[in-house]
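User: I would like to go through the reasoning behind some of the labels used for this structure. Could we take them one at a time?

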Amino acid sequence: MLPGGLFLVAVAVAIGVVLVAGTNTVLGQEEQPTASGSIVVSTKPLAPFVFVDDSDSSGSGLSGYSVDVWNEIAARLGLVTEWVVRDSVGEILTEVENGDVDVAIAGISMTADREGVIDFSHPYFDSGLQVVTAGGGST
């Protein structure tokens with residue numbers, strides 16, 4: 001695990017690196033920022049973001065959009081990822097809060113209560129969930 005708040009810095013830098021599409025330079029530098037070591041990432045299955053996939057060639061047993069995003073971040077930073085799969089967001093948040101894992105990447109909703117306890121990156125997916133009712137009713 002990365003010491004102290006270094007993982008937050010690594011994640012913030014990595015997200016910036018990933019968002020710089022089509023270039024190998026960041027802020028005019030020829031080389032991208034890198035870290036070294038391993039990082040523990042907690043997640044939970046939620047299609048299409050995280051699938052348990054025993055045929056996954058990376059050896060993590062996971063695939064999906066969030067897994068691909070994280071694997072790209074880790075590769076660009078030179079980090080080795082140790083994945084931890086949990087059954088609930090509550091378990092994941094407790095692990096992050098207690099420092100048992102460095103990062104969580106899953107279908108985690110940002111709430112004011114949660115932001116008071118843990119740090120979030122910028123969201124990378126907006127679900128656009130809405131309530132729908134039948135039309136023409138009086139209520």
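User: Why is Glu-95 called buried or exposed, whichever of the two applies?

Analyst: This is a predicted model, and in it Glu-95 has a relative accessibility of 10%. Buried means under 20% relative accessible area, so Glu-95 counts as buried.

User: What makes the contact of Glu-95 with Arg-86 a salt bridge?

Analyst: The closest N and O atoms of Glu-95 and Arg-86 are 2.6 Å apart, and the limit between a side-chain nitrogen of Arg and a carboxyl oxygen of Glu is 4 Å, so the pair meets the definition of a salt bridge. In general, side chains of opposite charge can pair when their charged atoms come close.

User: Why is Arg-86 given the label it has for accessibility?

Analyst: Arg-86 has a relative accessible area of 28%, and the partly exposed class lies between the limits of 20% and 50%, so Arg-86 is partly exposed, whereas Glu-95 is buried.

User: How many salt bridges does a search of the whole structure find, and what makes Glu-72 and Arg-76 count as one?

Analyst: The search finds 2 salt bridges. The side chains of Glu-72 and Arg-76 meet at 2.5 Å, N to O, and since the cut-off is 4 Å, they form a salt bridge. Both residues lie in helix α2, 4 residues apart, which is about one turn of the helix. Glu-72, at 34% relative accessible area, and Arg-76, at 26%, fall between 20% and 50%, so each is partly exposed.

User: Where does helix α2 lie with respect to the strands?

Analyst: Helix α2, residues 65–77, lies across β1, β4 and β5, and runs at about 150° to β4. These strands form an open sheet in the order β4-β1-β5, with parallel pairing.

User: What makes β4 and β5 edge strands, and how do you know that β1 pairs with β5?

Analyst: Strands β4 (79–85) and β5 (103–104) each pair on one side only, and are the edge strands. Strand β1 (residues 37–43) is joined to β5 by 2 bridges; pairing requires at least two, so these strands count as a pair. Ser-42 stands opposite Ala-104 in β5.

User: Which residues form the nonpolar patch on the surface, and why can Tyr-124 belong to a patch?

Analyst: The patch is formed by Tyr-65, Tyr-124 and Phe-125, with about 320 Å² of accessible area together. Tyr-124, found in the segment after α4 (112–115), has 35% relative accessibility and counts as partly exposed. Patch residues need over 30%, so Tyr-124 passes that limit.

Conventions
Residues numbered from 1 in each chain as written. Predicted model: local features only at pLDDT ≥ 70, side-chain atom pairs only at ≥ 80, totals over all residues. Heavy atoms only, no water. Patch = residues over 30% accessible without salt bridge, like charges linked within 9 Å, V, L, I, M, F, W, Y side chains within 5 Å. Areas by Shrake-Rupley, 256 points an atom, 1.4 Å probe, with all protein chains shown as cover. Buried < 20%, exposed > 50% of the residue type's maximum accessible area, 1.4 Å probe, protein only. Contact = heavy atoms within 4.5 Å. Axes fitted to C-alpha atoms, helices over the stretch in contact; angles between N-to-C directions.
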